[in-house]
Structures are given as structure tokens and as C-alpha cells.
Amino acid sequence: MKNNKSTMNRTIEDELENLAVLTVDPSLASHKAHFQYRYTKYLQQKQTIEKYEGSLEDFSQGYLKFGFNREGNKIVYREWAPAAKEAQLIGDFNAWNGLGHRMERDQFGVWTVYIPDKDGNPAIPHGSKVKFRMKVANGTWIDRIPAWIRYATVDPSNFGAAYDGVYWDPPPSKRYEFKYPRLPKPEAPRIYEAHVGMSGIEPRVTSYVEFAENVLPRIKANNYNTVQLMAVAEHSYYGSFGYHVTNIFAPSSRSGTPEDLKFLIDKAHSLGLRVLMDMVHSHASNNVTDGLNGYDIGQTAEESYFHTGERGYHKLWDSRLFNYGNWEVQRFLLSNLRWWLEEFQFDGFRFDGVTSMLYHHHGINVGFTGNYREYFGKATDVDSIVYLMLANSLIRNIYPDATVIAEDVSGMPTLGRPISEGGLGFDYRLAMAIPDKWIEYLKHKLDEQWSMKEIVLTLTNRRYTEKCVAYAESHDQSIVGDKTIAFSLMDKEMYSAMSCLQSPSPVVDRGIALHKMIHFITMALGGEGYLNFMGNEFGHPEWIDFPREGNGWSYEKCRRQWNLVDADHLRYKFMNNFDKAMNELDEKFHFLASSKQIVSSANEEEKVIVFERGDIVFVFNFHPESTYSGYKIGCDMPGKYRVALDSDALEFGGYGRT
């Protein structure tokens, strides 16, 4: 045993001394101590979990212990609430009187109650409302939704009503059984970012089933291979776009039941589409009555899901911040990842707000210049980094084909390198500087003022060996107060000049041309994956505005007008056709997955950009007036070349001049 332990210690010492990230980027060597420190913390935490919980995989099955579970002929309910003085389970099943269902506390602050079956049936009927009632230090009793609840609903007829937890354990006949297997990980993800609730044409909340039947076929038809779903976990405020989560294990009840969501994911798999979930572990809603914040009753950070004081509050997001170093918080969040992967068969995650997690300052009022001292120092939240390493390690262990993407605006080095090398383990990071550059150009410069070299620099400025998902615009660029690329280019003329029955106006003609080129060059040169937000593929007009007091609680701008792209006499079809062709080109030639990327020209006078990606030569002419005949370009490989895709083709609303 001693020899084995000694060998293991030497192995760890060797790993720490020879972290591969320092070989990949030797300029990181001056921060070697930082990498060794955080990697050691990760190994120590992982070993401690293995010592007391068996394994990281066992630790991540907290949902089999906490919340509601069946054990033999009874239901057992457990809740971690160390600050509570007394606790009861209440609900429809006991007429909201918890005297007969008092809970017992163990040494770790976990409260437990057993509810035996009655006459061979569960004492708590499936679908009935439940809550956790606890007595706080001042003697007051308060009611909260169970932290591990798997479904939560609200009375839609009662405006402003709080959510209720729902005991979800459908009989076998009503449980959705998956029919289709998961799909292998693609060489490169072509991601369609979507929000189920606002995906319908009618001004109302769309259901999971409607999305599966009406929207998924559109995504497949446009040759995407991955769907990224926003706003999956329950959030009491619809207008938060799903980012102020209240019930982290519960699918949003606005669009249906957990079984309905399973149907959606299974339908996607049947169409050859993988499904990623927008995962919000960077913060939580500050709602007290229906959110996790309701368990913060003045206790210490060690007994809470969140940090105390200012450290536990995000002042820009008005939300609570997790204490990632806490044992039960790690169990809670890691179990949450496994829950969505295994119970719902998601194929991976896009982690939201990673920048906020990486630093104590959360990126607030901080401009990152690329100096390595900005990433590796006292401002770095090592507890959070260790959690992310544990999370990615867990995901790889239970589903090796998972795709995991980080939304990080800081550009932290090693974010996209394997944990074994000393990295954080993400597959991709979002290339967030790209849409910022397009917004800057569209708002502040005429297209004849655009710099070809600056565009190329923005699209290629990413870390060697760390993959990026490129995008020209996402949901961020579509919300109220901002404009989509199409609306920035064509604005009010989208209301009157999109008919094919008349000649296009110069604004619409140029707008459609630039819309196609902006998205295509972003895809071709900006990363190793590509993302588009629902509707932007056909230049959806206007903006997104969720129902709120300021707009009279209207759903008018919280929907997708598919009728525009379906109308054969409107020009939206041209942008949609080109989007379909872009994706088809990658499906055929796999240029996104190619490491070959050679930029041979960025001509400022002629406004032409030429580059090679994989086996394809790309030529973009951004000049507002000049077309070129017999234009000569250099190529890496000799031979005869043919046109693979032409944005000026008639089917894409062009003039067929190539």
C-alpha cells in the first residue's frame, strides 16, 4: 500500500512539473506556480471526493439521495438546510399541514422524512404540489420550493403568483421512453441557437412539442447538426431569457412537462441533430419565495449555497453567486450536470457567464488586453476554476462524446485545453469579439470604410490549439435596444422593399449581399465551429422584446415570423437559401474542422479578402461598387478549381455574374 501511494505521489509530482499547457505555450512559464497551485487544488478535491463519496461519478448522483425518491414502499425526501431549526414537508397530500411530516436533521444539516405508501399507492400523488417548511433562528416558519425539485409550476390566472414545487413521478405508462440513440460527436458543430418559448409564429409561449414538430425540421433542412436550447431550467421571470434560474433541476413549465422536453430531444436525435443545453451555473436568481436564494437565511457561507456579503451578489445581474468551494454546492451543481445528461439525454452544454466565474471581479469594468497577469493572479477565483475542472472531468467520464462550450469574453488561456494538461477542459469557447466587431462596423462605419485587414485580424485572433465557435450574431444582438445584422443593414426598408415582385432598392440589395458575406466569412474564417440564432439565418426583422410592464406584457416581439421566409414572393428566402448552402458546403468539404487556414490577401483598395480553409479557396469582395473580371489569386495547390458556392447566384438573390 505504501509503495502504491508513493508511486501515485511521484506521478502527481511529475504531472505538476511537466504540465503540457506550458509546453504548448512556453510564454506561460512565468505563471507555472499558478498552474501548479490550481491543478493541485483540483487533484486534492477530486481525491477527497473519492475518499468520502466513492468516486466523482457517485458524488454526482445527489439526485438519488436529495429531493424526492422512492425507497421500497415509501417516498423519502431530503433537503440540505443546516441553518434551519426545525423542518416539515407540506403539500396537497397533507392539506399543507406539516405536523404529521416533521423532518429529522443529521450532523451535516440534511433533513429527512419518510412517507409510507397508503393502500399500495404513493402517499404523495404524482403531480401534486409540495414545499419545504423550515423554522429559522427567530422562530418564524417559512415555506420554500425544494431545492432539488424536478418540476415547478405557477397558476397562470394569478398574476405575480409564486411558483409551487411539483412532485414528479409519473406512472410507467406516462413516462417518456427514448427511442433514438445519441449521435456521435461531429467534427465541427454547426449550432442553431434557439429559444423554445419564442419559437412560434403566434404571440404566445410555444411548447416543447410544437418546437419539436415545427422548428426542428427547419433546423435540419438548413443543414445544422446541433441545436442549442436556451432557457431550459425553470426561471420565474420570462424576460430573463432563462438566465435567472430559480429551479435548477426543473425544465421550464411554460413550454410543457419534463416528458415533453424528452420528446423534443428524442425527436432531434431522430433527425440527426444533437442538443446542447444553455447551462447557467455562474449565478442564480435572487428570488426568495421560489428560488434557491430562499434557503439563505443569514447563515455562514459554509452552510449556504452562496457566498455571504458582497461576494455573494452580482451587482450588474442582480443575482446570487455560488460558493463553489462548498462541498454540498459542488454535489448540487455536479449532480445537476449529470441529471440533464442522463435523464434528458442532452449531448452537452454551453456554460453561460464563465467570465464571471473565473474572476473575483466577475469581469465588471475590466478590460482584458491579453496580458497574462490579468488571468493568473489574485483576481482569479481558483475555487470556481476547480469546480469547472471537476465539471468537465465528470462530463467526459459519463459521456465522452459530450460537447462543452464556454462563454468567456476574457480570453483566458488554457480554457480550451484538456484537464490532464493543466487546462480547464472545454471543447470550445465562443468567439465573442467577432460579433462586437460587426456591431462596431455596422453602427459607426459605412461599408466602404471597413478595413479588410482588421476584419481578418478579428476573425483569426484566437489561441493556437484552443478551438472557437464563431458567430456573427446571437441572441445578444437581437434583444430590445439593439438590432440584428439584417435590421442594421436594411432597417425600415425591410417593411416595404422585400418583395420579389419589384426591383430591390439599393439598400435592400446591398443589405442582403452583406448579410450573406458577413455570416459566411465569419463561419469560414472565425473558428472551428459556427453558431446562428433562430431566425437570423433569413434576416428576421426587428428585435426581441419579452412581455414586460414597459410593453404592456405583449408577446408581439417575442416570436419568430416564419411566414416571412416561407413566402416565395419575399426576399427573406434568399438569405435562408444561402444559410442552407453554407452549412451544406461544410458538410461536404469539412472546412470548419480543417487546421489549414492561409490568408493570402486582404486588399484595402479593392476590398477583397482571399484565404484557404481546408480544400477550399474563399474570395470575398466587399467593395460597394466594383466587380472584378479575371481576378488573379494565389493558391497553395496547383490544379483546376471550380465554383463550390457563389453568394451572387440567382437562388441567393444575386445576379449570377460568377
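This briefing describes three parts of the structure: a sheet with a helix packed on it, a strand with two partners, and a leucine in a loop.

The model is predicted, and local features need pLDDT of at least 70, side-chain atom pairs count only at pLDDT 80 or more, while totals for chains, interfaces and linings use all residues. Residues are numbered from 1 along each chain as its sequence is written, and side-chain values use heavy atoms, with hydrogens and water left out. Helices (H or I, at least four residues) and strands (E, at least two) are DSSP runs that are numbered from the N terminus, and two strands pair if DSSP finds at least two bridges between them.

**The sheet of E23, E24 and E25**

- Three strands in the order E23-E24-E25 make up an open sheet, and their pairing is antiparallel.
- Strand E23 (597–603) and strand E25 (616–621) stand at the edges with a single partner strand each, so one side of each is left without a neighbour in the sheet.
- From one strand to the next, the twist averages 10°, where axes are lines fitted to C-alpha atoms, for helices over the stretch in contact, and angles run from 0 to 180 degrees between N-to-C directions.
- Strand E24 (residues 608–613) runs antiparallel to E25 and is joined to E25 by six bridges, and Val 610 stands opposite Val 619 in E25.
- Helix H13 (residues 506–525) packs on this sheet and touches E23, E24 and E25, with a direction that makes about 35° with that of E24.

**Strand E5 and its partners**

- Five of the seven residues of strand E5 (residues 110–116) are buried, where buried means under 20% relative accessible area, exposed means over 50%, and partly exposed lies in between (1.4 Å probe, protein chains only).
- Strand E2 (residues 74–80) runs antiparallel to E5 and is joined to E5 by seven bridges, and Lys 74 has Pro 116 in E5 as its bridge partner.
- Strand E4 (residues 104–105) pairs with E5 in the antiparallel sense over two bridges, and Glu 104 has Thr 112 in E5 as its bridge partner.
- E4 and E5 form a hairpin with four residues between them, and Gly 109 in the turn has a positive phi of about 85°.

**Leu 273 in its loop**

- Leu 273 is found in the loop between helix H6 (258–270) and strand E14 (274–279), and Leu 273 is buried, with a relative accessible area of 0%.
- Leaving aside its neighbours within four places in sequence, Leu 273 is in contact (heavy atoms within 4.5 Å) with residues including Leu 183, Tyr 224 and Ala 268.
- Leu 273 and Ile 219 are 54 residues apart in sequence and, from C-alpha to C-alpha, 8.6 Å apart in space.
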